[in-house]
Amino acid sequence: GEERVMTIFYDEPDLMRDIMDYLADFWVAIYDQVLDEVQADALFIWEDMCYKGGPLISPAMFREFILPNYQKLTACARDHGVRHVIVDTDGNCTALLPLFIEGGVTILHPFEAAADMDVVEVRKAFPKLGIMGGIDKRKIALGPAAIDAELNRQVPWMMRQGGYIPTIDHSVPPDI
């Protein structure tokens, strides 16, 4: 479970480092073979390593355990002509944004409004980061006027900046 995984970072850091290295090497070996045969435009990584209050792992731990393996994986993708590395992480990932970028990530999503992820503020802080999402699903459930207000709040400015795909900020709930 998640609690056990989180404690391994502290209790058995060498084991966690071995696991992370093994997984990165495993994925690089697969991608090397597949990308020799298929031209891909994007590599999609699903992380969900954040929640409303922030990351489940500290930036220092991300730098130590995860960043080197992101760099290994994204270098492999770039070497095969993959232009975009997209990471999906829910919650508030603000503290990890610089590390994702350093790791070779070019696009992030879904930028959950409920977790205080404001795509306009992220664009201002990280002008070259591709952004997908940020449209508050809770507003969409309120009807046409709320939808128009939500879209007008950020989409026109973001579209003028470029590098933005407006999408809902998470899965579509049943009340929409």
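In the predicted model described here, K137 and D169 are both buried. The side chains of these two residues meet in a salt bridge, with a distance of 3.3 Å from N to O. K137 belongs to helix α6, which spans residues 137-140, whereas D169 is found in the segment after β7, so the contact ties together parts that lie 32 residues apart in sequence.

In total, the structure holds 10 salt bridges. A further example is formed by E64 and R17, whose closest N and O atoms are 2.3 Å apart. This pair also links distant parts of the chain, since E64 is located in helix α3 and R17 in helix α2, with their positions 47 residues apart. E64 counts as partly exposed because its relative accessibility is 39%, and R17 is likewise classed as partly exposed, at 25% relative accessibility. Salt bridges that share partners join R17 and E64 with D14 into one network.

The salt bridge between K124 and E121, with a distance of 4.0 Å from N to O, is found within a single helix. Both residues lie in helix α5 (residues 119-125), and because they are 3 residues apart there, about one helical turn separates them. K124 is exposed, since its relative accessible area is 51% and the limit for this class is over 50%, while E121, at 46% relative accessibility, counts as partly exposed. K124 has a second contact to be noted, as it lies over the face of W157, at 5.7 Å from the ring centre. Helix α5 also contains V120, which counts as buried because its relative accessibility is 13%. The C-alpha atom of V120 is separated by 16 Å from that of G91, a residue 29 positions away along the chain.

Contacts between aromatic rings were examined next. A search of the whole structure finds 7 aromatic pairs. One of them is formed by F9 and F65, which meet edge-to-face, with 4.9 Å from centre to centre and an angle of 80 degrees between the planes. As F9 lies in helix α1 (residues 2-11) and F65 in helix α3 (residues 59-79), the pair ties together parts of the chain that are 56 residues apart in sequence. Both F9 and F65 are buried. Elsewhere, ring pairs link Y22, F26, W27 and Y31 into a cluster.

Several residues of this cluster reappear in a description of the surface. Y22, F26 and W27, together with L15, I19 and L23, form a nonpolar patch on the surface, and the accessible area of the six side by side in this list is about 560 Å² together. Within the patch, I19 is located in helix α2, which covers residues 13-37, and it counts as partly exposed because its relative accessibility is 34%.

The strands of the model were then considered. An open sheet is formed by 5 strands, which follow one another in the order β1-β4-β5-β6-β7 with parallel pairing. The edges of the sheet are occupied by β1 (42-46) and β7 (164-165), each of which pairs on one side only.

At one edge, β1 runs parallel to strand β4 (residues 84-88), and the two are joined by 5 bridges. Among the residues involved, A42 has H84 of β4 as its bridge partner. In a regular strand, the side chains alternate between the two faces of the sheet. For β1, the covered face carries L43 and I45, whereas the uncovered face carries A42, F44 and W46. A42 thus appears in two descriptions of this edge, once as a bridge partner of H84 and once as a residue of the uncovered face.

At the other edge, strand β6 (residues 130-132) and β7 pair in the parallel sense over 2 bridges. In this pairing, the bridge partner of I131 is Y164, a residue of β7. The segment that follows β7 contains D169, so the salt bridge with K137 connects that segment to helix α6.

Technical notes:
Residues are numbered from 1 along each chain as its sequence is written. This is a predicted model: local features need pLDDT of at least 70, side-chain atom pairs count only at pLDDT 80 or more; totals for chains, interfaces and linings use all residues. Side-chain values use heavy atoms; hydrogens and water are left out. Two strands pair if DSSP finds at least two bridges between them. Helices (H or I, at least four residues) and strands (E, at least two) are DSSP runs, numbered from the N terminus. Rings of Phe, Tyr and Trp (its six-membered ring) pair if their centres lie within 6.5 Å; planes under 30 degrees apart count as stacked, over 60 as edge-to-face and the rest as tilted. Buried means under 20% relative accessible area, exposed over 50%, partly exposed in between (1.4 Å probe, protein chains only). A charge sits over a ring if NZ of Lys or CZ of Arg is within 6 Å of the ring centre and within 35 degrees of the ring normal. Patches are made of residues with over 30% relative accessible area and no salt bridge: like charges are joined within 9 Å, nonpolar side chains (Val, Leu, Ile, Met, Phe, Trp, Tyr) within 5 Å. Accessible areas come from the Shrake-Rupley method with a 1.4 Å probe; for residues, only the protein chains shown count as cover.
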